[in-house]
Amino acid sequence: MKNLLEKDKKYIWHPYTQAQTAAPPLPIVRGKGTQLFDDKGNAYIDAVSSWWVNTHGHAHPYIAKKVHEQLLRLEHVIFAGFTHAPAVELAERIIGALPNGFSRVFYSDNGSTSVEIGVKMAIQFFYNQDIEKKRLLAFENGFHGETFGTMSAGGVHEFNAAFKRQLFDVQHIKLPTKGQEQAAIEQLRMEVEKGDVYAFLFEPLIQGAGGMVTYSVEALDEMIGICQAHNVIAIADEVMTGFYRTGKMFASEYLKNTPDIICLSKGLTGGTLPLALTVCKEEIFEAFLSDDKLKTFFHGHSYTGNPVGCAAALACLDLYEKLDFEANIQRICEQH
């Protein structure tokens, strides 16, 4: 395996890694359940769930079987002008699982892109109606991804310093943690009452990369209500919190006021393949319906709606519905 590490050092550029000072990466040869195994047979508990994506354990035979079956039927087809059963079934099941009000699914391939799409939907929603709105609200110290839009929406992170001049302005507001709930609510209210805010983007209930900081459900609920009363789109970034990371299938289930757009990825396929969803309410979709083709949502990717990724997600959903899964969630919640 020494040869592997030598070639890795020669050819690979790893994410979030300073190559000059970093220790050599661990050469992982296989995974099983909660564990990863290196070339010497050492076992490691994958406590970070491979960047929070793995929900059913590594090399799950059921997901692997469904992926294999799909590969033998259809590996991919362009999703503009074509459709296929795995994408339609997955959209139907996700909408059925989400809180009431969601009706349309837009496919992409990763969390950053799913949030970027949500922000673009919100901007064009008003643009298509000739309504002038130019500002985005987001929480301080949030993290929403690596694209320019999501970097802009995130809090001030030192690793984005090189791109600071290229980021667009986003109004960052206080997080409603214990003791500053009302201050955060009033700050948001003051901003939306100016009338030029198109969306409020947030990680519901907990900030991930911002330090695993939890905050008030009631305050967030009120903030969403204020936004919707002032024609501001509420975007829930559930890339990390989705698929039972907070005990419920979606963190938005703790809320009374349902967001207008929800962004999903990570646990969607159980860590098997890249896939992401941006799900919105019908009112947003309808703002793009027009005889004017320039009101189309011109966004897409070569692998949008990939059938194999959708098959992995459907298998993942099957496993979420098994009786022992709910019991395991309850056991973990009680231990926490």
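Hi everyone, this is a short walk through the sheets, helix packing, cores and a few loop residues of one predicted model. Residues are numbered from 1 along each chain as its sequence is written, and side-chain values use heavy atoms, with hydrogens and water left out. As the model is predicted, local features need pLDDT of at least 70 and side-chain atom pairs count only at pLDDT 80 or more, while totals for chains, interfaces and linings use all residues.

Let's begin with the seven-stranded sheet. Helices and strands here are DSSP runs numbered from the N terminus: H or I with at least four residues for a helix, E with at least two for a strand. Two strands pair if DSSP finds at least two bridges between them. On that basis, seven strands form an open sheet in the order β4-β12-β11-β10-β7-β5-β6, with mixed pairing. Why does one side of β4 and of β6 have no neighbour in the sheet? β4 (102-108) and β6 (171-173) stand at the edges with a single partner strand each, so one side of each is left free of a neighbour. From one strand to the next, the twist averages 20°; for angles like this, axes are lines fitted to C-alpha atoms, for helices over the stretch in contact, and the values run from 0 to 180 degrees between N-to-C directions.

Now some of the pairings. β5 (residues 135-139) pairs with β6 in the parallel sense over three bridges, and F139 stands opposite I173 in β6. Further along, β10 (residues 233-237) and β11 are also parallel, over three bridges, with A236 opposite I262 of β11. On to β12 (residues 276-281), which pairs with β11 in the antiparallel sense over four bridges; there the bridge partner of I262 is V279.

β11 (residues 261-264) deserves a pause. Buried means under 20% relative accessible area, exposed over 50%, and partly exposed in between, using a 1.4 Å probe and protein chains only. Which residues of β11 are buried on its two faces? I261 and C263 are buried on one side, I262 and L264 on the other, so to speak a strand covered on both faces. As background, in a regular strand the side chains alternate between the two faces of the sheet.

Helix α7 (residues 181-192) lies across β5, β6 and β7 (197-202), and runs at about 155° to β6.

There is also a three-stranded sheet. Its strands form an open, antiparallel arrangement in the order β1-β2-β3. β1 (28-32) and β3 (43-45) are at the edges, each with a single partner strand, so one side of each lacks a neighbour in the sheet. Here the twist averages 30° from one strand to the next. Four bridges join β1 to β2 (residues 35-38), and I28 has D38 in β2 as its bridge partner.

Next, a helix pair. The axes of α4 (residues 85-97) and α10 (residues 307-320) come within 9 Å and cross at roughly 40°. That crossing is left-handed, meaning that the near helix is turned anticlockwise from the far one by less than a right angle; clockwise would be right-handed. Contact means heavy atoms within 4.5 Å, and the residues making it include E89, L90 and I94 of α4 and C310, L314 and L317 of α10. They divide into ten nonpolar, no polar and three charged. In this count Ala, Val, Leu, Ile, Met, Phe, Trp, Tyr, Cys and Pro are nonpolar, Asp, Glu, Lys and Arg charged, and the others, Gly among them, polar. E89 itself counts as partly exposed, at 36% relative accessibility.

I94 turns up again in the core. A nonpolar core is a set of buried Ala, Val, Leu, Ile, Met, Phe, Trp, Tyr and Cys residues joined through side-chain atoms within 4.5 Å. The largest one has 48 residues, of which I94 and F200 touch the most other members. Apart from it lies another core, of 25 residues, including I117, A153, I233 and C263.

Finally, three loop residues. In the loop between α5 (111-127) and β5 we find N128, which is buried at 4% relative accessibility. Leaving aside neighbours within four places in sequence, N128 is in contact with A287, F288 and K295. D130 is found in the loop between α5 and β5; is D130 buried or exposed? D130 is exposed, with a relative accessible area of 71%, and its phi is near 55°, a positive value in a residue other than glycine. L205, in the loop between β7 and β8 (206-207), has a positive phi near 75°, and L205 counts as buried at 9% relative accessibility. Thanks for listening!
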